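Got your viewer open? Let's take a short walk through this structure, one selection at a time.

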Amino acid sequence: KNGYPQLYPHFLSNVMNASCEDTITPLPMTSLTAARYLKARNVFAELIYVDGSHDEKDVYEDLCAYWPLLSPGGIMFGDDWGWESVAKGVMRFCESKNLKCETNSLNWRILK
């Protein structure tokens with residue numbers, strides 16, 4: 001509308017309609033900025049879903065940024081495994097950390 005995407009206002013409307021304002025805190029910022037923000041506030045998660053850029057470098061950098069925020073025993077996961085660039089970014093990250101990645105035709109997941 002007027003040259004601006006409407007996804008964020010729609011998301012906020014869904015959050016309010018579901019009465020989840022106390023559970024969901026939107027962070028309208030880039031993924032790397034959000035990771036720094038969460039790290040500075042010592043926010044950790046048991047489950048992290050990565051759904052960002054499909055560029056191999058971006059995928060790798062997102063995983064590197066969010067891995068420290070994943071609690072031990074937690075799972076980091078995503079989709080778009082069929083994109084060669086996504087698969088390469090995930091595998092590059094796993095190889096750098098000596099981690100095993102479980103996949104199917106659409107999804108990937110890494111256990112910490």
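**First stop: two helices side by side**

Start by selecting helix α2 (residues 31–40) and helix α3 (residues 56–66): their axes come within 9 Å and cross at roughly 10°. Angles under 35 degrees count as roughly parallel, so α2 is roughly parallel to α3. Keep in mind as you look around that this is a predicted model.

Now show the side chains where the two helices touch. On the α2 side, pick S31, L32, A34, A35 and L38; on the α3 side, pick E61, D62, A65 and Y66. Colour them by character and you'll find six nonpolar residues, one polar and two charged in this contact.

**Next stop: the sheet**

Switch to a cartoon view and look for the strands. There are four of them in an open sheet, running in the order β1-β2-β4-β3, with mixed pairing. Which strands stand at the edges? They are β1 (45–50) and β3 (101–103); each has a single partner strand, so one side of each is left without a neighbour in the sheet. Going from one strand to the next, the twist averages 20°.

Zoom in on β3 and its partner β4 (residues 108–111), which pair in the antiparallel sense over three bridges. Select T103 and you'll see W108 of β4 standing opposite. Then add helix α4 (residues 84–97), which packs on the sheet and touches β3 and β4. The direction of α4 makes about 10° with that of β4.

**Last stop: the aromatic rings**

Show the aromatic side chains. How many aromatic pairs does a search of the whole structure find? The search finds three.

Select Y49 and F77 for one of them: the ring centres are 5.0 Å apart and the planes are at 55°, so this pair is tilted. It links distant parts of the chain, with Y49 in strand β1 and F77 in strand β2 (residues 70–78), 28 residues apart. Y49 counts as partly exposed at 43% relative accessibility, and F77 also counts as partly exposed, at 26%.

Move on to W67 and F93, whose ring centres are 5.5 Å apart with planes at 65°, so this pair is edge-to-face. W67 sits in the loop between α3 and β2, and F93 in helix α4, so the pair ties together parts that are 26 residues apart in sequence. Buried or exposed, these two? Both W67 and F93 are buried.

To finish, add Y60 to your selection: ring pairs link Y60, W67 and F93 into a cluster.

Terms used. Residues are numbered from 1 along each chain as its sequence is written. This is a predicted model: local features need pLDDT of at least 70, side-chain atom pairs count only at pLDDT 80 or more; totals for chains, interfaces and linings use all residues. Side-chain values use heavy atoms; hydrogens and water are left out. Two strands pair if DSSP finds at least two bridges between them. Helices (H or I, at least four residues) and strands (E, at least two) are DSSP runs, numbered from the N terminus. Axes are lines fitted to C-alpha atoms, for helices over the stretch in contact, and angles run from 0 to 180 degrees between N-to-C directions. Contact means heavy atoms within 4.5 Å. Angles under 35 degrees count as roughly parallel, over 145 as roughly antiparallel, 65 to 115 as roughly perpendicular and the rest as oblique. Ala, Val, Leu, Ile, Met, Phe, Trp, Tyr, Cys and Pro count as nonpolar, Asp, Glu, Lys and Arg as charged, and the others, Gly among them, as polar. Rings of Phe, Tyr and Trp (its six-membered ring) pair if their centres lie within 6.5 Å; planes under 30 degrees apart count as stacked, over 60 as edge-to-face and the rest as tilted. Buried means under 20% relative accessible area, exposed over 50%, partly exposed in between (1.4 Å probe, protein chains only).
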